[in-house]
Amino acid sequence: MSLYPPPSPIATTLFVDVVAQLGLKPRSAPWLTASGLGETHSFLEGPSFDADGNLYVVDTPFGRILRVNPAGEVVIAAQYDGAPNGLKVHRDGDIYIADRMHGIMHLDPVSGRVSTFLGRDRLEPGFKGPNDLVFARNGDFYFTDQGNTGLQDPTGRVFRQRRDGRLDCLLANVPSPNGIALNPAEDQLFVAVTFAQQVWRCPLLADGSTHKVGVYQSFSGGFSGPDGLAVDVEGGLAVCHNRMGIVWMFDGLGIPTYRINSCRGRLTTNLAYGGPDRRTLFITESETGSILKAEVPVQGLDLRAAARA
């Protein structure tokens, strides 16, 4: 039973077919084998825009970082031995990657060099594999350490690294922490908990710790759950529902407002606000290796104003 009226539908259109542009063919990779998957052409995740309107996305199994210009032209910006999952463009133009194998990585977009920023040694004992990250205005950043956790192993973690380098584990009991986002006031942290079919809301105290963590939204099930998250300027949340081909939009109170339907496959993994006025959601769809777009009524939060100083 739902206590809310049905959310209004919003259609998507194709922005770019990455597989077709790059001529990608299905093949195997260690990440696919470890995840119990077969061959694939790509697995797109982690969209984030730079100051020039270029969209960066990751291709997890093949260690590729792709750059898509505003005209929809795709190039491989970098490739390395890793499993990039989440990505954020810093306001200084540098790029940070949540890598399931190595930790948090740094990408120089000019040289294409990828180096370790926060290695897995800093996350031991109990390293799972980082999934996504978000920057705060004060220079802290938050990231999820998901690995293969789920209801069978609810030990996924959420970390904060402070600007001075100190590392805090905020949560250590999460069954598959995935996408992560801050509200505009940066006093609430949202975490997609994929295999519990929930998004958690984590109030942030003045010292950056959290307490009285609660369920922001519960979802109805299926073969996966909430994945990437994006916040708008009014405090609303957009949530990718992976394997459903849906993005759900909620207002600042958590009331569902819109349902965005994929025009391609069902692996809607992550999303980012873009376009001249940030009223377009760009959505990675990994089943077909596509990036979709949808016009939405509320402007997205400018993440470049909330990046590591």
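Here are legends for several close-up views of this predicted model.

**View 1. A salt bridge joins Arg264 and Asp17.**
Start with the side chains of Arg264 and Asp17, which meet with N and O 2.8 Å apart. Arg264 sits in the loop between strand 22 (256–261) and strand 23 (268–274), while Asp17 belongs to strand 2 (residues 13–17), so this pair ties together parts that are 247 residues apart in sequence. Is Arg264 buried, exposed or partly exposed? Arg264 has a relative accessible area of 36%, so we call it partly exposed, given that buried means under 20% and exposed means over 50%. The model has 10 salt bridges when you count them up, and the next view shows some others.

**View 2. Arg160, Arg162 and Asp168 form a salt-bridge network.**
Look for Asp168 here, because its relative accessible area of 17% makes it a buried residue. One of its partners is Arg160, and the closest N and O atoms of that salt bridge are 2.3 Å apart. Arg160 is buried too, just like Asp168. Asp168 also meets the side chain of Arg162 in a salt bridge, this time at 2.7 Å from N to O. Put these pairs together and you get Arg160, Arg162 and Asp168 linked in a network.

**View 3. Asp50 is buried but has no salt bridge.**
Now for a charged side chain without such a partner. You'll find Asp50 in the loop between strand 3 (44–49) and strand 4 (55–59). How far away is the nearest side chain of opposite charge? That side chain belongs to Arg67, and it is 6.1 Å from Asp50, whereas a salt bridge needs the atoms within 4 Å. What does the side chain of Asp50 reach instead? It reaches the backbone nitrogen of Gly53 at 3.1 Å. The backbone nitrogen of Asn54 also lies 2.8 Å from a polar atom of the Asp50 side chain. Skip the neighbours within four places in sequence, and Asp50 is in contact with Tyr56, Val89 and Arg304.

**View 4. Thr210 reaches back to the backbone of Pro203.**
Thr210 is in the loop between strand 17 (198–203) and strand 18 (214–218). Its relative accessibility is 18%, so Thr210 counts as buried. The side chain of Thr210 comes to 2.6 Å from the backbone oxygen of Pro203. Which residues does Thr210 touch, if you ignore neighbours within four places in sequence? Thr210 is in contact with Leu170, Leu171, Cys202, Pro203 and Leu204.

**View 5. Leu3, Tyr4, Leu253 and Ile255 make a nonpolar surface patch.**
This view turns to the surface. The patch made by these four residues covers about 440 Å². Tyr4, one of its members, comes from the segment before strand 1 (8–11). With a relative accessible area of 36%, Tyr4 is partly exposed.

**View 6. Ala136 is a buried loop residue.**
Our last stop is the loop between strand 11 (130–135) and strand 12 (141–145), where Ala136 is found. Ala136 has 4% relative accessibility, so it counts as buried. How many residues apart in sequence are Ala136 and Arg122, and how many Å apart in space? Counting along the sequence, Ala136 and Arg122 are 14 residues apart, and their C-alpha atoms are 21 Å apart in space.

Definitions and conventions:
Residues are numbered from 1 along each chain as its sequence is written. This is a predicted model: local features need pLDDT of at least 70, side-chain atom pairs count only at pLDDT 80 or more; totals for chains, interfaces and linings use all residues. Side-chain values use heavy atoms; hydrogens and water are left out. Helices (H or I, at least four residues) and strands (E, at least two) are DSSP runs, numbered from the N terminus. Buried means under 20% relative accessible area, exposed over 50%, partly exposed in between (1.4 Å probe, protein chains only). A polar contact is a pair of N or O atoms within 3.5 Å; within protein, one must be able to donate a hydrogen and the other to accept it, and residues adjacent in sequence count only if both atoms are side-chain atoms. Contact means heavy atoms within 4.5 Å. Patches are made of residues with over 30% relative accessible area and no salt bridge: like charges are joined within 9 Å, nonpolar side chains (Val, Leu, Ile, Met, Phe, Trp, Tyr) within 5 Å. Accessible areas come from the Shrake-Rupley method with a 1.4 Å probe; for residues, only the protein chains shown count as cover. Lys and Arg count as positive and Asp and Glu as negative; His and the chain ends are not counted.
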